[in-house]
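Me: I have a model open and want to go through it piece by piece. Short answers, please, each ending on the value or name I ask for.

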Amino acid sequence: MKIFKKIISASCSGIAIGVILSVIFSSIFGQGEYMPSTPTFMELFSTPVKAMTSSIILWSLMGNVFYFSESIFAQERWSLLKMSLLHYLVTLICFFPLAYLAGWFPHNILWIAGFLLIYTGVYLIIYLITYLSTWLEIKKINQKIK
């Protein structure tokens, strides 16, 4: 039952982030209409409800990819570098097909390369922010101990 709750929680997080991003992108590119994904993706479905349902499923899966991949960082015997590289690869390998299916970029090699560069850049930014935040927290704790 515990795993079911985690799957539901991760799914809800993925859906919430997906909806927020879709509203932002619809505001920018939707010309006054809400679209759960790109026009190319929307054309794959006979109704907007089917497109939204598919988007919800994809967002849910994305949430689970990121939620469950965090368990990599619980490996106490692995170095931070090993955990980080493995986490990057696992999330990229699992997330990329979902983003591809969601129609987030045209299906050609230049856009795929662009997606990979953006993904890597965002990953590095989040990683560095998390690393620095943790480092500062450890520094504060060490100062209190002294």
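Me: Which backbone oxygen does the side chain of S69 reach?
Reply: This is a predicted model. S69 sits in helix α3. Its side chain reaches a backbone oxygen at 2.9 Å, and that oxygen belongs to V65.

Me: Is S69 buried or exposed?
Reply: Buried means under 20% relative accessible area. S69 has a relative accessible area of 4%, so S69 is buried.

Me: Which residue's side chain is joined to that of S69 by a polar contact?
Reply: Besides the V65 backbone oxygen, the S69 side chain has a side-chain partner. The polar contact is 3.1 Å, and the partner is H87.

Me: What is the distance of the polar contact between the side chains of N64 and S11?
Reply: N64 also lies in helix α3. With a relative accessible area of 14%, N64 is under the 20% cut-off and therefore buried. Its side chain contacts the side chain of S11 at 2.9 Å.

Me: Where in the protein chain is confidence highest, and what is the mean there?
Reply: The chain averages a pLDDT of 93, and 100% of the residues score at least 70. The low end is α2, with a mean of 88. The high end is helix α3, residues 48-69, at 96.

Me: How far apart are the end C-alpha atoms over residues 109-136?
Reply: The unreviewed UniProt entry annotates "transmembrane region" at residues 7-29, 49-68, 80-103 and 109-136. Over residues 49-68 the model is 100% helix, with end C-alpha atoms 29 Å apart. Residues 109-136 are also 100% helix and 0% strand. There the end C-alpha atoms are 40 Å apart.

Me: What is the area of the nonpolar surface patch that includes F25?
Reply: F25 is in helix α1. At 47% relative accessible area, F25 counts as partly exposed. The patch is made by I17, I20, L21, I24, F25, I28 and F29. Its area is about 720 Å².

Me: Which residue has a positive phi although it is not a glycine?
Reply: Most residues other than glycine have a negative phi. The exception here has a phi of about 50 degrees. The residue is Q31.

Me: Where is Q31 found, and is Q31 buried or exposed?
Reply: Q31 is in the loop between α1 (2-29) and α2 (39-42). The cut-off for exposed is over 50% relative accessible area. Q31 is at 78%, so Q31 counts as exposed.

Technical notes:
Residues are numbered from 1 along each chain as its sequence is written. This is a predicted model: local features need pLDDT of at least 70, side-chain atom pairs count only at pLDDT 80 or more; totals for chains, interfaces and linings use all residues. Side-chain values use heavy atoms; hydrogens and water are left out. UniProt positions are given in the numbering used here, feature names are shortened, and annotations may be inferred rather than shown by experiment. Helices (H or I, at least four residues) and strands (E, at least two) are DSSP runs, numbered from the N terminus. Buried means under 20% relative accessible area, exposed over 50%, partly exposed in between (1.4 Å probe, protein chains only). pLDDT is the predictor's confidence in each residue, from 0 to 100. Patches are made of residues with over 30% relative accessible area and no salt bridge: like charges are joined within 9 Å, nonpolar side chains (Val, Leu, Ile, Met, Phe, Trp, Tyr) within 5 Å. Accessible areas come from the Shrake-Rupley method with a 1.4 Å probe; for residues, only the protein chains shown count as cover. A salt bridge is a side-chain nitrogen of Lys or Arg within 4 Å of a carboxyl oxygen of Asp or Glu. A polar contact is a pair of N or O atoms within 3.5 Å; within protein, one must be able to donate a hydrogen and the other to accept it, and residues adjacent in sequence count only if both atoms are side-chain atoms.
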